[in-house]
Each structure stands twice: as structure tokens, then as C-alpha cells.
Amino acid sequence: MKKMSIALLFTALIVSSCTYNEGVSKAFSKYRHENGIVAVTVPGFAIRIASLIADLDEREEELLASIDRVKVLAVDDDRINASVNFHEEFAELIQQNEYEELLVVKSDDQSATIVGKITKEGVIKEMVVLVGGDDNALVYIKGSIRPELLNEYINESDHEELLSFKGFGF
């Protein structure tokens with residue numbers, strides 16, 4: 001029985017780590033092995049373990065518990081940053097995956113877009129943060145995140161509500 005339980009747990013971990021998002025996967029495949037690029041994948045169980053160890057308030061714990069996976073691709077080399085623009089390069093891949101636009105910020109030298117896939121119940125299942133320009137990064141978050149958790153957290157630093165979910169009935 002113990003072997004069966006371990007096998008089921010192992011299988012569940014493998015299945016949960018095999019989620020596939022074509023646009024994000026293309027971006028990671030293209031850059032993850034280049035020097036000067038940081039590529040990190042954090043599975044949900046590692047996030048939950050970290051939340052148990054960290055000194056977090058109830059809201060932060062709830063937010064971390066709602067995340068199943070985080071993937072980060074960031075440029076850590078000034079030479080590469082000068083020659084690429086993740087925002088321009090991957091914007092089309094993001095659009096092909098039918099994400100809803102949540103936030104767009106553009107300036108002369110930097111662009112950032114946050115998009116997400118939102119269920120009928122108003123839960124964010126996937127969220128992508130795409131930054132391009134002087135600094136380049138792509139962050140992919142998968143989970144079941146209630147927008148109120150994000151708005152509450154963002155409102156602590158900016159009372160203008162950076163993420164507007166009014167079009168989704170919030």
C-alpha cells in the first residue's frame with residue numbers, strides 16, 4: 001500500500017508539471033540555454049513549501065496557495081538586452097493563445113503587458129507578464145487566482161487599482 005501511495009504521488013507530480021502552453025514554451029525554448037538569460041521554473045509544491053516557511057499574512061498565504069506554477073525568463077546581460085525586445089517578439093504568441101489584456105504600460109524605452117485567461121467564474125487560470133525594452137522578462141503564472149487577491153495586494157502600493165477587472169464583472 002505504501003508503494004502504491006508513493007507511486008500515485010509521483011504520478012500526480014509528473015502530470016501536474018506537464019502543463020503545456022505553446023506560446024510560453026516557444027519563448028522558453030528559444031532563450032533558456034543562452035548565456036546571459038535566466039530561466040527558472042518553480043512548481044506549485046515548492047511555492048507552497050516556501051509559503052509555510054516564510055512569515056506571511058493570511059492574504060499572502062492565500063495568494064501563494066492559488067499558484068500552481070511560475071516560469072520566469074529574464075535577460076541578465078546588457079548586450080542581449082540591447083539586441084532583443086521580448087515585448088515585440090512574443091506579443092503575437094501571447095495573442096494567439098487568446099489571453100485577455102489586463103494591464104498595458106508603455107513608455108519610450110519600456111513596454112509591459114499583463115494578460116490572462118479568466119474563467120466564467122472570474123478566476124485567473126493563467127497570467128503572463130511580458131516586459132520588453134531596456135529590460136526584458138517573461139513571467140508565466142498558472143493557478144486559480146482570484147483577481148481580488150491581486151487587486152488587494154496592488155492597492156497597498158497604488159490606490160489607482162493597476163489591474164482593472166471591471167470588464168469581467170468585478
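Trainee: I would like to start with the overall layout. In what pattern do helices and strands follow each other along the protein chain?

Mentor: Read from start to end, the protein chain runs α-α-β-α-α-β-α-α-β-β-β-β-α. That comes to seven helices and six strands. Helices (H or I, at least four residues) and strands (E, at least two) are DSSP runs, numbered from the N terminus. Keep in mind that this is a predicted model, where local features need pLDDT of at least 70, side-chain atom pairs count only at pLDDT 80 or more, and totals for chains, interfaces and linings use all residues. Residues are numbered from 1 along each chain as its sequence is written, and side-chain values use heavy atoms, with hydrogens and water left out.

Trainee: Thanks! What share of the 170 residues is buried?

Mentor: A residue is called buried under 20% relative accessible area, exposed over 50%, and partly exposed in between (1.4 Å probe, protein chains only). Here, buried residues make up 36% of the 170 in the protein chain.

Trainee: And how do I read a nonpolar core? Which residues have the most contacts inside the largest one?

Mentor: In soluble globular proteins, nonpolar side chains tend to be buried together. A nonpolar core is a set of buried Ala, Val, Leu, Ile, Met, Phe, Trp, Tyr and Cys residues joined through side-chain atoms within 4.5 Å. The largest one here has 19 residues, and Tyr31, Leu73, Phe86, Phe90, Val128 and Leu138 have the most contacts inside it. At least two residues of this core come from each of α2 (22–31), β2 (67–75), α6 (86–96), β5 (124–133) and β6 (137–145). Apart from it lies another core, of 13 residues, including Ile47, Ile67, Leu102 and Ile114.

Trainee: Let me pick Phe86. What does Phe86 touch?

Mentor: A contact means heavy atoms within 4.5 Å. Leaving out residues up to four places away in sequence, the partners of Phe86 include Tyr31, Leu73, Val75, Leu130 and Leu138.

Trainee: Phe86 belongs to α6, so how do I read the two sides of a helix like that? Which residues of α6 are buried?

Mentor: In α6, the buried residues are Phe86, His87, Phe90, Leu93 and Ile94. They cover an arc of only 130 degrees around the axis, which puts them on the same side of α6. The arc is that of the directions from the helix axis to the C-beta atoms. On the other side of α6, Glu88, Glu92 and Gln95 are exposed.

Trainee: Which residue follows α6 with a positive phi?

Mentor: Glu98 does, and its phi is near 55 degrees.

Trainee: Last topic: salt bridges. How many are there?

Mentor: Side chains of opposite charge can pair when their charged atoms come close. A salt bridge is a side-chain nitrogen of Lys or Arg within 4 Å of a carboxyl oxygen of Asp or Glu. By this rule there are four. One of them joins Lys30 and Glu89 (2.4 Å, N to O). This pair links distant parts of the chain, with Lys30 in helix α2 and Glu89 in helix α6, 59 residues apart. Lys30 is partly exposed at 49% relative accessibility, and Glu89 is partly exposed at 26%.

Trainee: Which residues are joined into one network by salt bridges that share partners?

Mentor: Begin with Arg146 and Glu148, whose closest N and O atoms are 2.8 Å apart in a salt bridge. Shared partners then join Glu62, Arg146 and Glu148 into one network. Another salt bridge pairs Arg79 with Asp77, with 4.0 Å between the closest N and O atoms. Arg79 is exposed, with a relative accessible area of 58%, whereas Asp77 is partly exposed at 21%.
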